[in-house]
Amino acid sequence: MVATPGRLHDLINQGALNFKMLEVLIMDEADKLLDSGNEMKLQHILQQLPKQRRTGLFSATMPT
């Protein structure tokens, strides 16, 4: 699945997703996710995911 944090948050609130089998979470543009005011949504999303998972954070740029 590929989704923006806002869309993923909406789908979770609708009960449209089941994360029981999730093994890997990939977040692209990780450095920008918190900059754009998504912190509360990201916290909610991460709370719904299995604790036993691998998480990859990727970004093409590094903040200075």
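Q: Contact means heavy atoms within 4.5 Å. Leaving aside neighbours within four places in sequence, with which residues is Met27 in contact?
A: In this predicted model, Met27 is in contact with Leu33, Leu42, Gly56, Leu57 and Phe58, once its neighbours within four places in sequence are set aside. Each of these pairs therefore has heavy atoms within 4.5 Å.

Q: What makes up the largest nonpolar core, to which Met27 belongs?
A: The core consists of 9 residues: Leu8, Ile12, Phe19, Leu25, Met27, Leu33, Leu42, Ile45 and Leu49. The term applies because such residues are buried and are joined through side-chain atoms within 4.5 Å. Two or more residues of this core come from each of α1, β1 (24-28) and α3.

Q: What is the pattern of secondary structure along the sequence?
A: Read along the sequence, the pattern is α-β-α-α-β. In total the chain has 3 helices and 2 strands. The C-alpha trace spans about 40 × 25 × 20 Å along its principal axes.

Q: Why are α1 and α3 called oblique to each other?
A: Helix α1 (residues 5-13) and helix α3 (residues 39-48) pack at an angle of about 50°, and their axes are 10 Å apart. Angles under 35 degrees count as roughly parallel, and those from 65 to 115 as roughly perpendicular. An angle of about 50° falls in neither class, nor is it over 145 degrees, so the two helices are oblique. The crossing of α1 and α3 is left-handed.

Q: Which residues of α1 meet α3?
A: From α1 the residues are Pro5, Gly6, Leu8, His9, Ile12 and Asn13, and they meet Lys41, Leu42, His44, Ile45 and Gln48 in α3. By class, this contact has 5 nonpolar, 5 polar and 1 charged residues. Lys41 is the charged one, because Asp, Glu, Lys and Arg are the residues counted as charged.

Q: Which residues of α1 are buried, and against what do they pack?
A: The buried residues are Pro5, Gly6, Leu8, His9, Leu11 and Ile12. They pack against α2 (30-33) and α3. As background, an α-helix has 3.6 residues a turn, so residues three or four places apart point the same way.

Q: How do you know that His9 counts as buried?
A: His9, in helix α1, has a relative accessibility of 16%. Buried means under 20%, so His9 counts as buried. Leaving aside neighbours within four places in sequence, His9 is in contact with Lys41, His44 and Ile45.

Q: What makes Arg7 partly exposed?
A: Arg7 is also found in helix α1. Its relative accessibility is 42%. That value is neither under 20% nor over 50%, so Arg7 counts as partly exposed. Arg7 and Phe58 are 51 residues apart in sequence, with their C-alpha atoms 19 Å apart in space.

Q: Why is Val2 called exposed?
A: Val2 lies in the segment before α1. Its relative accessible area is 86%, which is over 50%, and Val2 is therefore exposed. The C-alpha atoms of Val2 and Gln43 are separated by 18 Å, the two residues being 41 apart along the chain.

Q: Why is Leu22 called partly exposed?
A: Leu22 lies in the loop between α1 and β1. Its relative accessible area of 23% lies between the limits of 20% and 50%, so Leu22 is partly exposed. Leaving aside its neighbours within four places in sequence, Leu22 is in contact with Leu49, Pro50, Gln52 and Arg53. Leu22 and Gln52 are 30 residues apart in sequence, and their C-alpha atoms are 8.8 Å apart in space.

Q: What phi does Glu29 have, and what makes it partly exposed?
A: Glu29 has a positive phi of about 55°, although it is not a glycine. Glu29 is found in the loop between β1 and α2. Its relative accessibility of 32% is neither under 20% nor over 50%, so Glu29 counts as partly exposed. A positive phi, of about 75°, is also taken by Gly15, just after α1.

Q: How many residues of the chain are buried, as a percentage?
A: Buried residues make up 23% of the 64 residues in the chain.

Q: Among contacts between residues at least 6 apart in sequence, what percentage join residues at least 24 apart?
A: The percentage is 76%.

Note on methods. Residues are numbered from 1 along each chain as its sequence is written. This is a predicted model: local features need pLDDT of at least 70, side-chain atom pairs count only at pLDDT 80 or more; totals for chains, interfaces and linings use all residues. Side-chain values use heavy atoms; hydrogens and water are left out. Axes are lines fitted to C-alpha atoms, for helices over the stretch in contact, and angles run from 0 to 180 degrees between N-to-C directions. Helices (H or I, at least four residues) and strands (E, at least two) are DSSP runs, numbered from the N terminus. A crossing is left-handed if the near helix is turned anticlockwise from the far one by less than a right angle, and right-handed if clockwise. Buried means under 20% relative accessible area, exposed over 50%, partly exposed in between (1.4 Å probe, protein chains only).
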